[in-house]
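Thanks for making time this morning. I would like to walk through one model with you, beginning with the ligand and then moving outward through the chain.

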Amino acid sequence: MKHFGLHIWGDDNFIINEGTININHASQPALLEITQAIREKGYKGPLLLRFPHLIEKQIKTLFDTFKNAKKAFNYKGEFQAVFPLKVNQFPNFIESLIEVSQAYNYGLEAGSKAELIIAIAKTPLGAPITINGFKDKEMISLCFIAAKMGHDITITIEGLGELETIIQVNQTFNNSVKTPIIPKIGMRIRLHNAGIGIWAKSAGYSSKFGLTSTELLEAYELLKKHALLSHLWMIHFHIGSQISDIAPLKKALREAGNIYAELKKRGADALAAINIGGGLAVEYSQHEGKQERNYSLQEFANDVVYLMQEIAKSKGVEEPDIFTESGRYIAASHAILVAPVLELFSQEYTEKGLRLKKKNPPLIEELHDLYHSLSHKHAREYLHDALDHMESLLTLFDLGYIDLEDRSNTEILVNLIIKKSIFLLRNEDIDELQKLQDRIQERYLINFSAFQSLPDFWGLAQHFPVMPLDKLHIKPTNPASLWDITCDSDGEIAFNRDLPLYLHDIDVSNEEYFLAFFLTGAYQEVLGMKHNLFTHPTEAVITFDTEGKYHITKLIEAQNLMDVLDDLDYDTNLIDKTLKYRIEESNYISKEEKRELLGKLYLYLSENSYLKTIQAIDER
Ligand SMILES: Cc1ncc(COP(=O)(O)O)c(C=O)c1O
């Protein structure tokens, strides 16, 4: 895997320079340099680094690509977009997004009351806001309040009940006003065509969302009856996230385009937009031949524009404005999780660990000779001999003929022989060697929680690109499994022969080694869970000034232990008092020691759950 598949998933966002991975922007700093600068400020444990220039790049690419498509087809409708808050609501992300998107009249999409408040507070007046998901009277009233503030807000109806509530809320809000202000209305349609991939359930007849044709006609009549038809301006659908294949999107576009045209011909004169939801996929793959999408953004945009134009032409209606709610595509690349390696678990398999005796069983002597005389020429033959000897030695142990030290020597020598053979034969495509990699895989203990930082890996086996921050000029040879620090066996990214990860052999007591997980900016932070009470990691926003120098800004440390307990509604004052009391009232601790213990206790309580190091080095 050349440079960890950077050419597949990296999108030119990074470059490799003198063995480190660097940001391909401005002064091109190494991720390692940024990481060390933050750690020097005292922030240990995992770090989530945000890069607003990558958010800007995605927004610009999205708008430019649709602009190109519109130009190529001479399309009359406008292109507009909003960011769906469910993908990442964290303030350091949303505030960066609003800042870098000013030139695009880019808005926000909300699916709950709390998200709606973020949208109302953060969207610049004039930029669009769309409201999806199930809504009650209060939520619809909040939309009316936003409209009265001057927001360009569209309420998307998910069911007829919601429309009835809109009619009712409109009466209370606008009954006695001279110039009624009413939000725009959208209708989510229940597509006949299903989506594709893990999130395909978002569309299709059994989908949780949207109106059937019968309900659409009923909604049309209701809008007309209550003089609201002039506010119906958008048709909406969403066929699911991470669309891997373009074909289902084309089907959905045809279906939605025809519904738009039919409603328009019926008399929905204000209807002017088609909202295609999200779904634009991100390339997470690190491995050749395992790409996750079969289309480019330009193909996606061309298909949308071309199909809308075709339908509008054949039905004789205006070309609609095109609206997208892409989230994953906008947010994924901006966040990188950097996590320190705490330990390698197979490090005991070194020559230093051998307990050879003056007189060893002959097969062990032979293993020892095989290891020392191993060369490229004999590697395969010696490897077979070693595996054969191992079987015999293990049988001898079971029968009581050799002792535990002999068995340990066997394990170490065979492991060393396999490792050396794989290294010697690394340029040859030998299936047998692939199979042996499971056996010598190295377990890297990583200072992070997969449940908190990569929940889609845990829940959906979603792959995220991973690579070390340095040593990239050295070919890594250890087949690697990654263990997180939760007490849960699911917190492991196991070595997978189909998607192999190789890392460097390092001695963590002598040198630092960091792994970076990329494309973690979409969904991971908000879906992350506090399993074992590991919280959102320390985060920072990395900006660049006009001279290209980078700055570490908006540092937010992971929550401290007491804050975590407070979140669970523990009475932290009581916990504090109890801990203090148990030290102060102890009959076994001297006065001086009590002072010292209390000092330590309060220092530890002010820190977060992540580990500092598990080596016996006192960092303080
Ligand atoms: C209605 C709607 N719009 C947009 C999105 C964002 O999708 P994506 O992140 O795949 O672009 C979603 C995600 O589920 C959604 O439900």
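**The ligand and its surroundings**

Let me start at the ligand, which is surrounded by 16 residues, the closest being Ser-241, Glu-325, Gly-327, Arg-328 and Tyr-523. Please keep in mind throughout that this is a predicted model.

If we sort that shell around the ligand by class, we find nine polar residues, four charged ones and three nonpolar ones. Which protein atoms, then, lie at short range from the oxygen and nitrogen atoms of the ligand? On the side-chain part of the shell, Glu-325 places a polar side-chain atom 2.8 Å from a nitrogen atom of the ligand, and His-238 has an N or O atom of its side chain 3.3 Å from a ligand oxygen. The backbone takes part as well, since a polar backbone atom of Gly-327 is found 2.7 Å from an oxygen atom of the ligand. As for how much of the ligand is covered, it exposes 400 Å² when taken alone, and the protein buries 91% of that area.

**The chain as a whole**

Stepping back for a moment, the chain contains 21 helices together with 20 strands, and its C-alpha trace extends over about 100 × 70 × 55 Å along the principal axes. Of the 620 residues in the chain, 52% are buried.

**The cavities**

How many cavities of 30 Å³ or more does the structure hold? There are two of them, and the largest has a volume of about 60 Å³. Its lining is made up of Leu-48, Leu-337, Gln-452, Ser-453, Thr-520, Gln-524, Glu-525, His-536 and Pro-537. Two elements, α16 (450–453) and α18 (524–527), each give two or more residues to that lining. By class, five of the lining residues of this largest cavity are polar, three are nonpolar and one is charged.

One of those lining residues, Glu-525, leads us to a further contact, in that its side chain makes a polar contact of 2.7 Å with the side chain of Arg-50. Arg-50 itself belongs to strand β3, which runs over residues 47–50. Is Arg-50 buried or exposed? With a relative accessible area of 1%, Arg-50 is buried, because the limit for that class is under 20%.

**Gln-286 in its loop**

Next I would point you to Gln-286, which sits in the loop between β10 (273–275) and α10 (297–315). Its relative accessibility is 2%, and therefore Gln-286 counts as buried. What does the side chain of Gln-286 reach? On one side there is the backbone oxygen of Phe-4, at 2.9 Å, and there is also the backbone oxygen of Val-466, which lies 2.9 Å from a polar atom of the Gln-286 side chain. It may also help to look at Leu-501, which is 215 residues from Gln-286 in sequence, while their C-alpha atoms are 9.3 Å apart in space.

**Two residues with positive phi**

Two backbone angles deserve a careful look. Leu-519 has a positive phi of about 60°, although it is not a glycine, and its place is in the loop between β18 (514–517) and α18. With a relative accessible area of 8%, Leu-519 is buried. The other case is Lys-554, also a residue other than glycine, where phi is positive and near 45°. Lys-554 is located in strand β20, residues 550–556, and at 40% relative accessibility it counts as partly exposed.

**Toward the end of the chain**

I will finish with Lys-612, which is found in the segment after α21 (591–605). Here the relative accessible area is 32%, so Lys-612 falls in the partly exposed class. The side chain of Lys-612 is joined to that of Glu-607 by a polar contact of 3.0 Å. How far is Lys-612 from Asn-68, measured in space between C-alpha atoms? The C-alpha atoms of Lys-612 and Asn-68 are separated by 50 Å, and the two residues are 544 residues apart along the chain.

Definitions and conventions:
Residues are numbered from 1 along each chain as its sequence is written. This is a predicted model: local features need pLDDT of at least 70, side-chain atom pairs count only at pLDDT 80 or more; totals for chains, interfaces and linings use all residues. Side-chain values use heavy atoms; hydrogens and water are left out. A residue is near a molecule or strand if one of its heavy atoms lies within 4 Å of it. A polar contact is a pair of N or O atoms within 3.5 Å; within protein, one must be able to donate a hydrogen and the other to accept it, and residues adjacent in sequence count only if both atoms are side-chain atoms. Accessible areas come from the Shrake-Rupley method with a 1.4 Å probe; for residues, only the protein chains shown count as cover. Ala, Val, Leu, Ile, Met, Phe, Trp, Tyr, Cys and Pro count as nonpolar, Asp, Glu, Lys and Arg as charged, and the others, Gly among them, as polar. On a 1 Å grid over the protein atoms alone, a cavity is a set of points where a 1.4 Å probe fits but cannot get out, and a pocket is an open set with protein on both sides within 12 Å along at least five of seven lines; lining residues have an atom within 4 Å of a point. Grid points are joined across faces, edges and corners, and a volume is the space filled by probe spheres set on the points. Helices (H or I, at least four residues) and strands (E, at least two) are DSSP runs, numbered from the N terminus. Buried means under 20% relative accessible area, exposed over 50%, partly exposed in between (1.4 Å probe, protein chains only).
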